[in-house]
Amino acid sequence: MTEFDNLKRSYISAIQWGLTARVGYNESKQGNEVLHKFCENLIENSDYNDSNKMTMKHELKIIKEALSKEIESFYRK
């Protein structure tokens, strides 16, 4: 699971870096969507069993929603 923890941290860091760099609102939202799909694809193509994949994807969905709210809050939308 260490790889998954690193993946989550990288995903979160990338979005937060974008906010720090003040990329636009739309770019932040699109980046969140693209990174979420990218992480999902990595999980889907991994060697983890289906139960673990489902759990990981659920965690990613929660992270995506939290980051989406962080983006909206940052841009006061």
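The following questions and answers concern a predicted model of a protein.

Biologist: How many helices and how many strands does the protein have?
Modeller: Read along the sequence, the protein follows the pattern α-α-α. The C-alpha atoms fill a box of roughly 40 × 20 × 15 Å along the principal axes. The count is three helices and zero strands.

Biologist: What share of the contacts with a separation of 6 or more joins residues 24 or more positions apart?
Modeller: The pattern along the sequence is α-α-α, and the pairs in question lie 24 or more positions apart in the chain. Among the contacts with a separation of 6 or more, their share is 74%.

Biologist: Are α1 and α2 roughly parallel or roughly antiparallel to each other?
Modeller: The axes of α1 and α2 come within 10 Å and cross at roughly 170°. An angle over 145 degrees counts as roughly antiparallel. The two helices α1 and α2 are therefore roughly antiparallel.

Biologist: How many charged residues does the contact of α1 with α2 have?
Modeller: On the side of α1, the contact is made by Phe4, Leu7, Tyr11, Ala14, Ile15 and Leu19. On the side of α2, Ser28, Gly31, Asn32, Leu35, His36, Cys39, Leu42 and Ile43 take part. By class, this contact of α1 with α2 has 10 nonpolar and four polar residues, and the number of charged residues is zero: there are no charged residues.

Biologist: How are α2 and α3 directed, roughly parallel or roughly antiparallel to each other?
Modeller: Helix α2 covers residues 25-44 and helix α3 covers residues 50-74. Their axes come within 10 Å and cross at roughly 175°. As angles over 145 degrees count as roughly antiparallel, α2 and α3 are therefore roughly antiparallel.

Biologist: How many charged residues are in the contact of α2 with α3?
Modeller: Residues of α2 in this contact include Lys29, Glu33, Glu40 and Glu44. Those of α3 include Lys53, Lys57, Lys61, Lys64 and Glu72. Beside seven nonpolar and four polar residues, the charged residues in the contact of α2 with α3 number nine.

Biologist: Are α1 and α3 roughly parallel or roughly antiparallel to each other?
Modeller: Helix α1 spans residues 2-20, and its axis comes within 11 Å of that of α3. The axes cross at roughly 15°, and α1 passes α3 in a right-handed crossing. Angles under 35 degrees count as roughly parallel, so α1 and α3 are roughly parallel.

Biologist: How many nonpolar residues does the contact of α1 with α3 have?
Modeller: From α1, the contact with α3 takes Phe4, Lys8, Tyr11, Ile12, Ile15, Gln16 and Leu19. From α3, the residues include Met56, Leu60, Ile63, Leu67, Ile71 and Phe74. One polar and four charged residues belong to the contact of α1 with α3, and the nonpolar residues number 11.

Biologist: Which helices each supply at least two residues of the largest nonpolar core?
Modeller: In general, nonpolar side chains in soluble globular proteins tend to be buried together. Here the largest nonpolar core has 12 residues in all, among them Phe4, Leu7, Cys39, Ile43, Met56 and Leu60. At least two residues of this core come from each of α1, α2 and α3.

Biologist: Is isoleucine 63 buried or exposed?
Modeller: Isoleucine 63 is found in helix α3 and belongs to the largest nonpolar core. Not counting residues up to four places away in sequence, isoleucine 63 touches Lys8, Tyr11 and Ile12. Its relative accessible area is 13%. The cut-off for a buried residue is under 20%, so isoleucine 63 is buried.

Biologist: Why does asparagine 32 count as buried?
Modeller: Asparagine 32 has its place in helix α2. Apart from neighbours within four places in sequence, asparagine 32 is in contact with Tyr11, Ile15, Lys64, Leu67, Ser68 and Ile71. A residue is buried when its relative accessible area is under 20%. Asparagine 32 counts as buried because its relative accessibility is 2%.

Biologist: What is the relative accessible area of glutamate 59?
Modeller: Glutamate 59 is found in helix α3. Not counting residues up to four places away in sequence, glutamate 59 touches Phe4 and Lys8. Glutamate 59 is partly exposed, with a relative accessible area of 30%.

Biologist: Which residue has a positive phi although it is not a glycine?
Modeller: The residue lies in the loop between α1 and α2 and is exposed, with a relative accessible area of 64%. Its phi is about 60°, and the residue is arginine 22.

How values were computed: Residues numbered from 1 in each chain as written. Predicted model: local features only at pLDDT ≥ 70, side-chain atom pairs only at ≥ 80, totals over all residues. Heavy atoms only, no water. Axes fitted to C-alpha atoms, helices over the stretch in contact; angles between N-to-C directions. Helix = DSSP H or I, 4+ residues; strand = E, 2+ residues; numbered from the N terminus. Parallel < 35°, antiparallel > 145°, perpendicular 65-115°, else oblique. Contact = heavy atoms within 4.5 Å. Nonpolar A, V, L, I, M, F, W, Y, C, P; charged D, E, K, R; others polar. Buried < 20%, exposed > 50% of the residue type's maximum accessible area, 1.4 Å probe, protein only. Left-handed = near helix turned anticlockwise from the far one by under 90°. Core = buried A, V, L, I, M, F, W, Y, C linked by side-chain atoms within 4.5 Å.
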